[in-house]
Amino acid sequence: MNSAPLLSVRDLTKHYPVRKGMILAKQIGVVRAVDGVSFDVHRGETLALVGESGCGKSTTARLVLRLIEPSAGCITFAGNDITKVKGAAQRAMRRHMQIIFQDPFASLNPRLTVVETLTEPMLVHRIGDDASRRARALELLRLVGLRDFHAQRYPHEFSGGQRQRIGIARALAVNPELIVCDEPVSALDVSIQAQVINLLKGLQARFGLSYLFIAHDLAVVKHVADRIAVMYLGQIVELAPKRALFEAPQHPYTRALLAAIPHPDPRRRGQVKPLEGDIPSPLNPPPGCRFHTRCPFAQDRCRVEMPELRSTSAGHFVACHFTESLPVASLNYTSLLSDAAQRRLALYAQTEAEKKKNAITA
């Protein structure tokens with residue numbers, strides 16, 4: 001892994017003004033959707049962003065791609081500040097950064113055939129001629145496990161998994177270096193999830209891709225990620241290598257997320273209590289540490305002083321005032337993955353050849 005990150009995000013912020021009235025609208029507040037997020041994505045690695053719904057994961061992904069404009073912060077890609085690039089420079093930048101959307105049906109134009117969908121990005125970026133673009137489209141179909149005859153079909157003629165394969169092929173069309181995967185398997189059946197995850201990992205190994213992987217399913221994240229960033233109410237509260245985060249989570253919120261993984265045997269869940277209360281509103285976040293309203297270890301300092309994301313060990317960063325004094329985690333969080341999740345992890349790890357072999361011998 002190169003020392004210089006491919007993508008570097010510093011203090012990224014997105015605030016949405018809240019206004020009251022129609023004609024003479026008056027601003028009455030600000031929704032802090034993303035509030036000072038910083039992270040790096042290195043070449044060839046997968047960084048996963050996880051957290052509860054509404055924590056700002058997808059907003060962060062769209063900010064990175066400049067699909068929405070940041071309120072503040074800096075985004076550096078391949079050594080170049082792309083925070084404020086526009087016009088031709090922005091189009092050139094987007095050739096190297098693509099996205100796979102969560103809903104494979106809504107993200108495909110129902111009026112375009114597959115070959116038109118796959119050649120459109122090449123047309124936008126003026127890559128090749130008609131013949132070479134069509135040849136490239138057919139090559140992409142084969143890469144994602146589809147056939148040449150699928151090229152003339154429309155999105156409604158495919159299953160959900162096939163449509164997501166088309167979305168992956170479209171993201172690859174212009175040879176990007178970074179692909180943002182915005183919950184790419186959450187809308188798919190479990191067996192199809194396994195196929196798509198294996199496809200993404202295979203493509204990453206083949207082309208040296210970097211992924212910013214947005215997810216809420218910890219079984220998926222455990223299989224696909226190299227490092228994990230945990231978000232809460234618009235901020236990153238913990239960032240660590242995957243193994244370190246699963247084996248020794250240091251932030252109370254991360255521990256609660258992992259302990260919430262369902263298990264059929266309650267005796268194996270330890271003594272971690274579930275989180276109480278609701279997530280505060282991003283329109284009016286609590287002062288100090290934003291997690292203190294739900295944290296069982298909160299002290300007076302937490303209510304008035306916001307903790308910084310600081311290093312506690314090699315590659316491990318935590319935003320907590322008292323992480324060193326918290327009780328040692330008594331759970332093996334990896335074992336808390338339910339039996340169903342364990343089967344899914346095994347299924348993700350299986351190759352297609354192994355699955356066929358098992359089917360024959362069963």
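User: Let's start with charges and rings. Which residue lies over the face of Phe-246, and at what distance from the ring centre?

Analyst: Happy to begin there. A charge counts as sitting over a ring if NZ of Lys or CZ of Arg is within 6 Å of the ring centre and within 35 degrees of the ring normal. In this predicted model, the residue over Phe-246 is Lys-222, placed 5.8 Å from the ring centre.

User: Staying with rings, how many aromatic pairs does a search of the whole structure find?

Analyst: The search turns up three aromatic pairs. A pair of aromatic rings is described by two things, the distance of the centres and the angle of the planes. Take Tyr-232 and Phe-291: their centres are 5.2 Å apart and their planes make an angle of 85°. Planes over 60 degrees apart count as edge-to-face, so this pair is edge-to-face.

User: Where in the chain do Tyr-232 and Phe-291 lie?

Analyst: Tyr-232 belongs to strand β9 (residues 227–232), while Phe-291 is in the loop between α9 (252–259) and β11 (310–313). With their positions 59 residues apart, the pair links distant parts of the chain. Ring pairs also bring in Tyr-253, giving a cluster of Tyr-232, Tyr-253 and Phe-291.

User: Are Tyr-232 and Phe-291 buried or exposed?

Analyst: Both are buried. Phe-291 has another role to look at, since Phe-291 also helps line the largest cavity.

User: Good, cavities next. How many cavities of 30 Å³ or more are there, and how much space lies in the largest?

Analyst: The idea is a space where a probe fits but cannot get out. The count here is one cavity of 30 Å³ or more, and the largest cavity holds about 80 Å³. Its lining includes Cys-289, Cys-295, Cys-302 and Cys-320, along with His-251 and His-292. Phe-297 and Phe-322 are also among the lining residues.

User: How should I read burial for a single residue, and why is Thr-117 called buried?

Analyst: Compare the relative accessible area with the cut-off: buried means under 20%. Thr-117, in helix α3, is buried because its relative accessible area is 4%. Not counting residues up to four places away in sequence, Thr-117 touches Leu-108, Leu-112, Ile-166 and Arg-170.

User: And what about Gln-204?

Analyst: Gln-204 sits in helix α6 (residues 190–207) and is buried because its relative accessible area is 11%. Neighbours within four places aside, its contacts are Gly-44, Glu-45, Thr-46, Leu-209, Ser-210 and Tyr-211. One of these, Glu-45, is 159 residues away in sequence, yet the C-alpha to C-alpha distance to Gln-204 is 8.5 Å.

User: Which residues other than glycine have a positive phi?

Analyst: Two examples are Asp-11, with phi of about 50°, and Arg-126, with phi near 55°. Asp-11 lies in strand β1 (residues 7–20), whereas Arg-126 is in the loop between α3 (114–124) and α4 (130–143). Exposed means over 50%, and Arg-126 is exposed because its relative accessible area is 79%.

User: To finish, what does the chain look like as a whole?

Analyst: The chain has eleven helices and twelve strands. Of its 362 residues, 48% are buried. Among contacts between residues at least 6 apart in sequence, 66% join residues at least 24 apart. The chain exposes about 17,800 Å², with carbon and sulfur atoms supplying 52% of that area.

Definitions and conventions
Residues are numbered from 1 along each chain as its sequence is written. This is a predicted model: local features need pLDDT of at least 70, side-chain atom pairs count only at pLDDT 80 or more; totals for chains, interfaces and linings use all residues. Side-chain values use heavy atoms; hydrogens and water are left out. Rings of Phe, Tyr and Trp (its six-membered ring) pair if their centres lie within 6.5 Å; planes under 30 degrees apart count as stacked, over 60 as edge-to-face and the rest as tilted. Helices (H or I, at least four residues) and strands (E, at least two) are DSSP runs, numbered from the N terminus. Buried means under 20% relative accessible area, exposed over 50%, partly exposed in between (1.4 Å probe, protein chains only). Contact means heavy atoms within 4.5 Å. Accessible areas come from the Shrake-Rupley method with a 1.4 Å probe; for residues, only the protein chains shown count as cover. On a 1 Å grid over the protein atoms alone, a cavity is a set of points where a 1.4 Å probe fits but cannot get out, and a pocket is an open set with protein on both sides within 12 Å along at least five of seven lines; lining residues have an atom within 4 Å of a point. Grid points are joined across faces, edges and corners, and a volume is the space filled by probe spheres set on the points.
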